[in-house]
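This note sets out points for a colleague who is beginning to read protein structures. Please keep the model open while going through them.

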Amino acid sequence: MNYIGSKHKLSEWLLENIKAVCGDDLSQLVFCDLFAGTGAVGRTFKPYVKSVIANDLEFYSYVLNRNYIGNNSAIDASALIEELNEIPPRKGFIFHQYSETGSENRLYFSAENGQKIDAIRAKIEEWLEQSRIDEDTYFFLLASLLESADKVANTASVYGAYLKKLKKSAQKTLELVPANFEITAGSHSVYNTNSNALINDIEGDILYLDPPYNARQYGANYHVLNTIAKKDTFVPKGKTGLRAYTKSAFCSKLEVEKSFEELIAKARFKTLFLSYNNEGLMPAATVKEIMQRYGKYDLVTKEYQRFKADKTENRNHKANATTEYLHILEKHQK
């Protein structure tokens, strides 16, 4: 998936730097990805560590991480995938609210794909209710649908708005592609809650933090994926059909520093790593000042191509590259 702040391209760099601090052998360590997003970092570390703890406030992220991190036993779903790909179309909530020729004519999906999403989503839920599939298979199929739907979405990568005309990729027929996960020797857990609340209930060795770094709220940018994942009904608001969403303190210039320090103070982890960049709400000097209060601080940086979801001339940040900061804290042990 195209995803704001995704660390997919930086995952090997993160692994290399975390190993440099924590040692090459991570096999007995507990790794926590507290703002997991699509799970790119957790997936990278899953084969190397004893246990991964993954968390995200957004439900679509929980679905992806519940599959990629939480699932750890083989699932034979090839026949189910085939059956879902052949399912007759259905005019449901996604078609009417977010598709071409639907009652609201919001062009997030073609008419065909909107009906296909509705049909597949309803069938997955039906199979769970009928106990035809277990919970692991349910999240595997649901993750497969989210990723497959995203590939044919008529957006500039995020769902804050849709394009005026169907782009070529959005005109293609949705094909459900399996969201295959890696099976490892460890045991893993996945949460869907506020990070500053969860930090009170978990502990381990490596805490990786990749919070939102600007004012863009993920609940607004990916609201359609949340709606597919939750399969609920509500009255969408405005031109883009927004649903109610929880606003993150990490997206607020007034709240971010307080929330960040609270997280650092409460963390019961030996080593903390914070991914942030030079466009973030908190300047690097502020992050350093806060982290230094709790232990030994270090910093590594890397330049890479920035995420683009719009045309260059429309962006506040014109640069094609951004600097990624990896702030490191070896925390004082009480």
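1. The contact of α12 with α13. In this predicted model, E257, F260 and E261 of α12 meet T286, V287, I290 and M291 of α13. Sorted by class, the residues of this contact are four nonpolar, one polar and two charged. The two helices pack at an angle of about 35 degrees, and their axes are 10 Å apart. The crossing of α12 and α13 is right-handed.

2. A salt bridge at E261. One residue of that contact, E261, also forms a salt bridge with R293, in which the closest N and O atoms are 2.6 Å apart. The pair links distant parts of the chain: E261 belongs to helix α12, while R293 lies in the loop between α13 (284–292) and β6 (295–305), 32 residues apart. Is each partner buried or partly exposed? R293 counts as partly exposed because its relative accessibility is 43%. E261 also counts as partly exposed, at 22% relative accessibility; the cut-off for buried is under 20%.

3. Salt bridges in the whole structure. How many salt bridges does a search of the whole structure find? The search finds eleven. As background, side chains of opposite charge can pair when their charged atoms come close.

4. The pair R66 and D136. R66 forms a salt bridge with D136, with 2.5 Å between the closest N and O atoms. This pair links distant parts of the chain, since R66 is in helix α3 (residues 59–70) and D136 is in helix α7 (residues 135–151), 70 residues apart. R66 has a relative accessibility of 10% and therefore counts as buried. D136, with a relative accessible area of 26%, is partly exposed.

5. The pair R243 and D232. R243 forms a salt bridge with D232, and the closest N and O atoms are 2.6 Å apart. Both R243 and D232 lie in the loop between α11 (223–230) and α12 (256–266), so the pair ties together parts that are eleven residues apart in sequence. R243 counts as buried because its relative accessibility is 10%, whereas D232 counts as partly exposed at 25%.

6. The contact of α7 with α11. The axes of α7 and α11 come within 10 Å and cross at roughly 145 degrees. This crossing is right-handed. On the α7 side the contact is made by L142, L145, L146, A149 and D150, and on the α11 side by L225, I228 and A229. By class, the contact has seven nonpolar residues, no polar residue and one charged residue.

7. The surroundings of α11. Is α11 mostly covered or mostly uncovered? Helix α11 is mostly covered, with seven of its eight residues buried. The buried residues of α11 are H223, V224, L225, N226, T227, I228 and A229. What covers them includes α3, α5 (93–98), α6 (111–129), α7 and α10 (218–221). After α11 comes K231, which has a positive phi, near 50 degrees.

8. Elements to revisit. Helix α7 holds D136 of the salt bridge with R66 and also makes a contact with α11 through residues including L142 and L145. Helix α12 holds E261, the partner of R293, and E261 is among the residues of α12 that meet α13. A reader may wish to view these helices together.

How values were computed
Residues numbered from 1 in each chain as written. Predicted model: local features only at pLDDT ≥ 70, side-chain atom pairs only at ≥ 80, totals over all residues. Heavy atoms only, no water. Salt bridge = Lys/Arg side-chain N within 4 Å of Asp/Glu carboxyl O. Helix = DSSP H or I, 4+ residues; strand = E, 2+ residues; numbered from the N terminus. Buried < 20%, exposed > 50% of the residue type's maximum accessible area, 1.4 Å probe, protein only. Axes fitted to C-alpha atoms, helices over the stretch in contact; angles between N-to-C directions. Left-handed = near helix turned anticlockwise from the far one by under 90°. Contact = heavy atoms within 4.5 Å. Nonpolar A, V, L, I, M, F, W, Y, C, P; charged D, E, K, R; others polar.
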